[in-house]
Amino acid sequence: MVSSVLLALGAAASWAAYTYVSGLRSNILKARRTNIPYIVVPVHPFNRLWQLTFWIWIPLIKMLPKSMWEDWMFIMQGDWAYKSLQDDFDKRGRQSFIIVSPRGMTLFTNDPEAIHQITQRREAFPKDTTSYTILSMFGENVLTTEGAVWRMHRKVTSASFNEKNAAHTFAEAINQTQGMMNWYFYKEGAISTSTPTIKTLEHDTMTLALNIIGYVGFGLRLLWPGQKLPEDTDPKLVKYGALEPPPGYTMSFADALATTLEKIIVLLVFPWALLKRLPFEFAKVAWEGKVNYLKYMDDFLKDKMADVRAGNREREGMDIMGQLVRSKYGKGGSKDGAELSDAEIIGNAFIITVAGHETTANTLHFTLLELANNPSGQRQLQKDIDTEFGDSDPATWNYEQNVNTMLASYIGACMNETLRLMPPVVEVPKVVSYNSDQAITIEGEKRVLPAGMGISLVAVSVHRNPRCWPTRPSKLTGAPTDLDDYLPERWYRTSESTSTSREVEDDSADTEDYGGFKGSDTSASMYRPVRGSFIPFSDGARSCLGRRIAQVEMIAMLAVIFQKYSIELAVDEWASDEEVDKMSAEERRKVYAQAQEKSRKTIKEANSILTLKLNGGKHVPVRFVKRGHESYESLKKSELELQLDDYLTSHAAQFQSDPTFAPYYQTTNTGHGHGRSSRGSAGSPVKRETPAVASSMMPAEIRVSRRRVTRAAEEIIQAAIDNDDDDGDDSEGAESEPEQRPSRATATATATATATTATSNALIRTPARALSQAAARMQLPATPRDVVQIAENGRIALRNRATSLYHESGITEVTQSTREALSTVTSVLFTVAAFELYCLRPELLPDRYAFTIPAIRFLGTSEYPVQVPDIFALLTSSFWKPALTWALTSLILPSLFGYFFNLSVAAAHSHVSASSGTHTRGRPRTSNVSAAQQQQQQQPEYVVDPLMFSIVKAIATYVVYAQGVTFGGLIDPVAISRINNALYSGWKGVLVGTAITGLTAIYDAVLRK
Ligand code: HEM
């Protein structure tokens, strides 16, 4: 029998190994045929199980030699695209690569030419809807379907996305943003010129976007605290707009919607039948949100149907759900058979809410943070808002009149720049049609992609791809390009960009009209990115349906905020208000620089769960101040220079003819099609300009720094050697220029050459420079100092290599993580229990003879009978009686007591301050203590109190195993004696174990105090 089981297991393992190897082989062959570089990975990074457990495997894999994983590890980590941005494409020197696993392949590309073709040929490259299964939980919809079903959804839903409704959205965005700003300024702690420090900006922008989408999706007016519904509100709609739950509900509509969106992953992962029974808080909240939301939706659908049947007039305002109901139940219904089911109507209303609210909220949030980091950018923005609106009341702003100029101004530039750097949808998923292989041009070459292969259009990388965006060296970080910097001015660069990317004309491109806004993504009077290089809204037939709505909403929000207010990073962490008041301009600049550094670091920690945002309670604290009351106005000289420079370039047409500016424009080269990026080296009249990157085609690794010429020759030589390792800029205004990176072997020769080039550029002839030049040109014999230096360098290199090998082996991390995992009271409890189980196992599952390993003569071994635990004992009471007795006394009873008599619960509650507000997106908080923090503080330290657990286990052990109490025959005396015999030192051993765990729990509590 045992041998049959072993045989079956062996057969299953062999089959799994066979399919793994043959799948991998066949996929490698397919990848090879494409002629695109490919990387073999052991498991596909999009595999759901891998995505849930990669954090366990990665440290284990990293224990293997680095050569086994270094090529592919980058792609296996969650969120690689935003972490790596452009780096992993640069490293490979290619714009596309394929990941090959045994179960599938995916092409990752940041090639605008390829992206353009893929988005234009919907049938050949449909959407990979498997990535969006999560979003069809309330009904199929326009985002999650493909083919004929999608056409039908798109046709019905796109009817609402017209200019009339964009105008309604514009007005509502103004109204809601005013609501938010008023609320901020009337909050506790606000003074007339400044809000208190806001730690909930990401949450509040979500509420703002949710309130707007409530109007867009359902025609509802959602409120900020202190606001009231307009008098003429339809009484049927009052319950949806209320801040408190109406009768029959336990949550307001806004809270139900917000909770459902927040807990969307929980709703997907757990089967609903199980979710509603789970005793955990997160499950209860998720379930409550979902039940309330669906009830609102059902009622809403019925109300709308009643309206339509009664022939009630269509209400003023945008109301996508009303439009969907009318399309089905209205007069004559659908003319061409395109009709959604009720579930699909609810599914579409939901998806428009999801797609339309997080995306816009995150874009606004990041724009505000970037502007807080960039005070001079804010001034430019405010200048353009003043030109457009003066101090007119936003309620009087007019969509038709203002929208195009707003999009063409700094307002539009800020929005575009955020969408470029932080696109809410980081990767757009596509797939090669399942029906046939598809030909495509990639990097100028025809390639054939195999049917069914996944495709990821890496938006966040193509937006920073120097091959298709005009660049110049970063003045902020000294990096070779400024593509990682937030520079709204970029959108004023001229459009005949540095790009060498071709737009491929494609006869098979989709020409059908699928509804939605037809205009371009950016204003016609701004920089026009090459097609395929700017895809925050995707492109082609499956591009974002809400693009116009989103743009209109965001520019309205920005204009309302910055017409009257500025935003500043809060510096509370470094200085109090009183201290800031007393500071000089220079001291303020320094403290602000600290806040800038921290906020930039936090922004880099964003990650993508549905959309790119700051997750897990991460936030950047800010304050809004009334204009004219800013505390951090003073700019560094370099910032002023940059500002002036940018201004003169963007207003070249205005100033070029002015003789005062003639020297500036003569020395610059703005008119040659490269915009500012191609300005000559003479550059700014106020500061000597660094030259533009001569060719943005050069991958990062083949750029080297050219250092200033004031250095001594040996310094230059050493610098060139250093450049082999580090091609960063010199802090003293290094100039980047593409050159071939020197190999280590030729470093010295190249160093001499570099020194020669550098010195030839010297401006002033001092004796030191002349000496440097001579030294650089002549091959001088090595001095004793050089020899010592070389020997020392060798020693340091060897030591560094040894240290890096040690670090790369991952031993430190593994040791550290194991240590952290084991350094808890819970792990001590588990270790003690595991030891008891280890002692019990031979008694409960005795070993049985399985087979014999024959003697191997030449190794000199004799026959060895192999014993395995008798798993059939699991079917007998001889196993279960003692097993349950032990479980009862050592686990179940102690856990129950430890759960209910949990001293850490009381301790946790006493630590929570009374100030708490609600904490869903639907309603703003009334305190600055984040809800997540409060919830976390309220959580007891342990679910099961370890001290109580140990005490009860000791008592139960003593009573049952020492005293032999059977609780009226409930426990089998034979089981008691079997356990007593099997455990190490019987019941006394268990008591020692409980003493250890009890003392550990006390020690832990003392340490925490
Ligand atoms: C900054 C704001 C927004 C961004 C960056 C954005 C981005 C996108 C992207 C990249 C897609 C394509 C996804 C894919 O193919 O996998 C998409 C689709 C979609 N978006 Fe947006 N979106 C935004 C705002 C909105 C708004 C406000 C609405 C609605 C009110 C909306 C509704 C939709 C819908 C319905 C689709 C599916 C279209 C289809 O597949 O036919 N989006 N969005």
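Modeller: Let me start with a term: a polar contact is a pair of N or O atoms within 3.5 Å. Please keep in mind that this is a predicted model.

Biologist: Happy to! What makes Tyr132 a polar contact of the ligand?

Modeller: A polar atom of the Tyr132 side chain sits 2.5 Å from a ligand oxygen. The limit is 3.5 Å, so the pair counts as a polar contact. Arg154 passes too, with a side-chain N or O atom 2.7 Å from an oxygen of the ligand, and a polar backbone atom of Val142 is 3.4 Å from a ligand oxygen.

Biologist: Which elements supply two or more residues to the shell around the ligand?

Modeller: They are α7 (147-158), α16 (342-372), β4 (427-431) and α21. The largest share, 6 residues, comes from α16. In total 29 residues surround the ligand, and Tyr132, Trp150, Arg154, Arg542 and Cys544 are the closest. Sorted by class, the shell has 19 nonpolar, 7 polar and 3 charged residues.

Biologist: Why is Cys544 called a donor of the iron atom?

Modeller: Its SG atom is 2.3 Å from the iron of the ligand. An S atom within 2.8 Å of the metal qualifies, so the name fits. Cys544 is the only protein donor of that iron, and Cys544 belongs to the loop between α20 (459-462) and α21 (547-564).

Biologist: How do you know whether Thr119 is buried or exposed?

Modeller: The relative accessible area of Thr119 is 3%. Buried means under 20%, so Thr119 is buried. This residue is part of helix α6 (residues 112-120). A polar atom of the Thr119 side chain lies 3.0 Å from the backbone oxygen of His116, and the side chains of Thr119 and Gln120 make a polar contact at 3.4 Å. Beyond its sequence neighbours up to four places away, Thr119 touches Leu457, Ser538, Asp539, Gly540 and Ala541.

Biologist: Turning to the aromatic rings, how many aromatic pairs does the structure hold?

Modeller: There are 40 aromatic pairs. In one of them, Trp469 and Trp491 are 5.7 Å apart centre to centre, with 80° between the planes.

Biologist: What makes that pair of Trp469 and Trp491 edge-to-face?

Modeller: Planes over 60 degrees apart count as edge-to-face, so 80° earns the label. Trp469 is buried, with a relative accessible area of 0%, and Trp491 is buried at 0% as well.

Biologist: And why is the pair of Trp469 and Tyr527 called tilted?

Modeller: Their planes meet at 40° and their ring centres are 5.7 Å apart. Under 30 degrees would be stacked and over 60 edge-to-face, so this pair is tilted. Tyr527 is buried, with a relative accessible area of 1%.

Methods
Residues numbered from 1 in each chain as written. Predicted model: local features only at pLDDT ≥ 70, side-chain atom pairs only at ≥ 80, totals over all residues. Heavy atoms only, no water. Donors = N, O, S within 2.8 Å, 3.2 Å for Na, K, Ca; no water. Helix = DSSP H or I, 4+ residues; strand = E, 2+ residues; numbered from the N terminus. Buried < 20%, exposed > 50% of the residue type's maximum accessible area, 1.4 Å probe, protein only. Polar contact = N/O pair within 3.5 Å; in protein donor to acceptor, adjacent residues only side chain to side chain. Contact = heavy atoms within 4.5 Å. Near = heavy atom within 4 Å. Nonpolar A, V, L, I, M, F, W, Y, C, P; charged D, E, K, R; others polar. Phe/Tyr/Trp six-rings, centres within 6.5 Å; stacked < 30°, edge-to-face > 60°.
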